[in-house]
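Grab a pencil and work through these exercises one at a time. Try each task before you peek at the solution below it.

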Amino acid sequence: MCERPTTRIRVEGFDEQTSEQSIKQKFNTYGVILSVTKDKKAFIIEFATVEAACAAKQKANGLPISCQQTATIFFDYPNMPDFLAIQNCKEEKLPEYKSYLKTIPEFDEMIPFRTDKGFTSLVIATFSEQVDFDKLIQNIKEKFPTEPTAYEKVPYCNLSNDSLHQIARSFEERSIFMNNLNHRIPEEKITEIYSKYGKVIYVDISFKYEVYIITILMDTKENAQKAIEELDKTVFVEDELPLRVFPFIEKTIYHKPAGIISVNELEYNFDTKQLYTTFKQWGEIYAFSVSHVASSFVALFLYADYQNALKARDSCNYSNVFVFPKMNAAAAVRHFTQRKFEPDLTLVTFDNENIPNLFLRSEYENVQDFHTFTNGNNKTVVVTFKCCQDLQNTINKIHKRYEIIGSSTFNRVFEYFKTQPIDSVWAKRIFYARGINSDLSNKVLREKFSNIAPVDSIVNLGKENIALVLFKRSVDANNKEFLTILPNQVSLDDVINSINESSKPSRTQSWSAINPNFLPINSIIEEATRREPTLRSVVEKHITSINYDQVLELSLEPAKLNSFFKQLISDTSSNACTSNAPASPLSGPSSTKGDLDQTD
């Protein structure tokens with residue numbers, strides 16, 4: 001976007017302690033200054049003439065203030081015309097949009113933008129004067145009536161990479177994603193369903209990976225969240241599996257440590273909506289799943305913030321809750337996404353008569369697996385079917401409260417856990433208990449193991465006769481009492497040793513030889529590229545000299561990663577400063593290194 005010269009410039013990059021008087025002294029060499037004001041991020045300097053402002057911008061922009069900072073200068077425009085944001089615009093349609101916008105006298109420029117991970121395609125249209133946006137948007141919709149695209153007015157701002165990402169995020173947080181569709185559902189049907197929760201801006205249907213994928217944009221973030229809560233695991237049309245409904249995850253949280261908790265002893269009459277409502281009071285939940293594993297119902301919650309997962313564990317009324325080690329959010333959310341070859345085909349029905357299982361089983365056809373649990377005077381029935389059509393046929397016939405669950409998310413999350421390094425605070429406390437019967441419930445296991453040492457959490461993994469147990473204090477794995485705790489002989493294996501020894505690189509091991517399920521170094525390099533392409537080579541050069549624990553810490557702690565990047569930039573700038581570089585016009589003949597960071 002070409003900036004129009006004006007008498008006002010915006011100067012960013014100075015230290016917070018720098019005063020208006022100091023700025024005035026540095027810039028008065030370019031012309032008469034009428035005023036200097038300061039906002040949260042910059043100084044606004046108003047010159048008496050446009051020529052003086054242009055000279056200051058041309059000569060001082062990008063010059064070093066110190067070895068760590070450079071001056072960034074823009075023209076400042078009070079009362080400038082707003083922008084038009086066009087979101088989800090197909091690339092092949094850009095010429096048509098531009099041709100139409102050129103018919104508007106006030107139209108200035110069209111700026112295309114795409115977020116790093118390729119979700120939000122965004123076009124910003126700028127104008128030389130304010131326009132009637134309501135009328136403009138209506139005319140565009142009439143011109144392109146079939147396009148699944150959003151048109152919204154955006155307040156004027158300096159268009160930078162950060163501000164464009166912020167605009168894109170305002171669309172992402174209102175977007176909903178549905179997957180696992182084998183047939184195309186009419187757009188009108190989807191709009192009708194989602195309109196119960198708010199205004200639907202558009203519905204976009206695409207065919208990828210042999211399934212239909214649907215994106216819905218709602219009018220507000222709150223309405224999108226309400227729809228996600230209500231419609232997840234809903235059967236939308238016949239001959240379809242219950243769909244998973246997810247929010248689009250913010251792409252900039254790739255390094256943010258998300259928190260997963262497993263609630264290992266759900267009641268036999270659980271209600272998923274009540275569970276979700278209960279646990280969302282402790283923070284934003286990205287995804288939620290219930291599984292039937294080894295005679296127990298286990299709920300998994302993926303919190304946007306790791307601290308909220310800890311808060312949920314400490315505040316809920318359940319006694320057997322496990323908080324997984326920190327995982328980056330982008331990796332964690334993938335484990336909750338349903339896959340076509342791993343459909344959830346388990347039906348749980350409640351309030352069944354307390355009659356022999358033989359009679360209860362006769363109500364279901366083509367059953368692969370069948371279990372019952374006594375709940376007071378009634379029974380809870382768990383049925384796994386061989387295919388989705390059998391599940392659908394049963395749902396159409398029954399007149400009882402039911403839930404549709406599965407174990408694929410549970411299995412993926414715990415398999416991923418096996419690749420993760422474990423904090424040393426859990427040393428001699430967390431173990432794999434081997435020799436566990438797969439029919440034993442988590443409640444029974446907790447009661448048995450508590451006879452030897454206090455148990456924080458325990459979950460039967462349902463295969464390979466293994467349970468994961470976390471004690472409240474350190475225990476001796478060789479204690480002979482564990483051998484006789486159950487009819488089968490039980491042994492304890494230290495989880496820390498079994499994970500860390502296999503995933504930590506040795507001195508001669510290359511990064512590519514580490515378990516491919518967990519490569520934090522790649523995510524750090526990717527983040528460096530996102531921020532500044534020229535930073536990538538610097539990071540690649542230095543990252544291999546850092547030990548594995550430090551790399552892991554950087555990938556999970558955004559503040560430390562920021563400090564790491566800043567230090568590399570500082571070191572690079574220091575090297576540049578030691579060379580005989582030309583003096584900055586901002587410094588003046590008598591200034592020394594760091595002068596501009598001082599207040600007068």
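Helices (H or I, at least four residues) and strands (E, at least two) are DSSP runs, numbered from the N terminus. Keep in mind that you're looking at a predicted model.

**Exercise 1. Get an overview**

Task: Find how many helices and strands the protein chain has, and what share of its residues is buried.

Solution:
- Step 1: Count the elements, and you get 19 helices and 25 strands in the protein chain.
- Step 2: Turn to burial, where buried residues make up 50% of the 600 residues.
- Step 3: Look at the contacts with a separation of 6 or more: 71% of them come from residues 24 or more positions apart.

**Exercise 2. Look around helix 2**

Task: Name the buried residues of helix 2 and say what covers them.

Solution:
- Step 1: Helix 2 spans residues 50–60, and its buried residues are Ala-52, Ala-53, Ala-55, Ala-56, Lys-57 and Ala-60.
- Step 2: Their cover includes strand 1 (8–12), helix 1 (20–27), strand 3 (42–47) and strand 4 (72–75).
- Step 3: Follow the chain just past helix 2, and you meet Gly-62 with a positive phi of about 85°.

**Exercise 3. Put a sheet in order**

Task: Work out the strand order of the open sheet of four strands, then see which helices lie across strand 5, strand 6, strand 7 and strand 8.

Solution:
- Step 1: The order is 6-7-5-8, and the pairing is antiparallel.
- Step 2: Check the edges: strand 6 (107–114) and strand 8 (150–154) each pair on one side only. On average, neighbouring strands here are turned by 20° against each other, direction ignored.
- Step 3: Zoom in on strand 5 (residues 83–87), which is joined to strand 8 by five bridges. Across from Ile-86 you'll find Tyr-151 in strand 8.
- Step 4: Add the helices. Helix 3 (residues 94–101) lies across strand 5, strand 6, strand 7 (121–127) and strand 8, at about 160° to strand 6. Helix 5 (residues 161–172) lies across these four strands too, at about 115° to strand 7.

**Exercise 4. Explore the largest core**

Task: Find how many residues the largest nonpolar core has and which helix gives the most to it.

Solution:
- Step 1: This core has 33 residues, and those with the most contacts inside it include Ile-260, Phe-324 and Leu-468.
- Step 2: Several elements supply at least two residues each, among them strand 13 (257–263), strand 15 (296–303) and helix 13 (408–417). Helix 13 gives the most, with five residues.
- Step 3: Pick Ile-260 and skip its neighbours within four places in sequence; its contacts then include Leu-302, Phe-324, Met-327 and Val-413.
- Step 4: Apart from this core lies another, of 27 residues, including Val-263 and Ile-405.

**Exercise 5. Spot the rings**

Task: Describe how Phe-471 and Phe-482 pair, and decide whether Phe-471 is buried or exposed.

Solution:
- Step 1: The whole structure holds 27 aromatic pairs. Phe-471 and Phe-482 form a tilted one, 6.0 Å centre to centre with 55° between the planes.
- Step 2: Place the partners: Phe-471 is in strand 24, while Phe-482 is in the loop between strand 24 and strand 25 (491–494), 11 residues apart.
- Step 3: Buried means under 20% relative accessible area. Phe-471 has 0% relative accessibility, so Phe-471 counts as buried. Phe-482 has 2%, so Phe-482 counts as buried too.
- Step 4: Elsewhere, Tyr-276, Phe-279, Trp-282, Phe-288, Phe-301 and Tyr-318 form one aromatic cluster. Finally, the charged end of Arg-401 sits over the ring of Phe-350, 3.8 Å from its centre.

Definitions and conventions
Residues numbered from 1 in each chain as written. Predicted model: local features only at pLDDT ≥ 70, side-chain atom pairs only at ≥ 80, totals over all residues. Heavy atoms only, no water. Core = buried A, V, L, I, M, F, W, Y, C linked by side-chain atoms within 4.5 Å. Buried < 20%, exposed > 50% of the residue type's maximum accessible area, 1.4 Å probe, protein only. Contact = heavy atoms within 4.5 Å. Phe/Tyr/Trp six-rings, centres within 6.5 Å; stacked < 30°, edge-to-face > 60°. Lys NZ or Arg CZ within 6 Å of the ring centre and 35° of its normal. Pairing = 2+ DSSP bridges. Axes fitted to C-alpha atoms, helices over the stretch in contact; angles between N-to-C directions.
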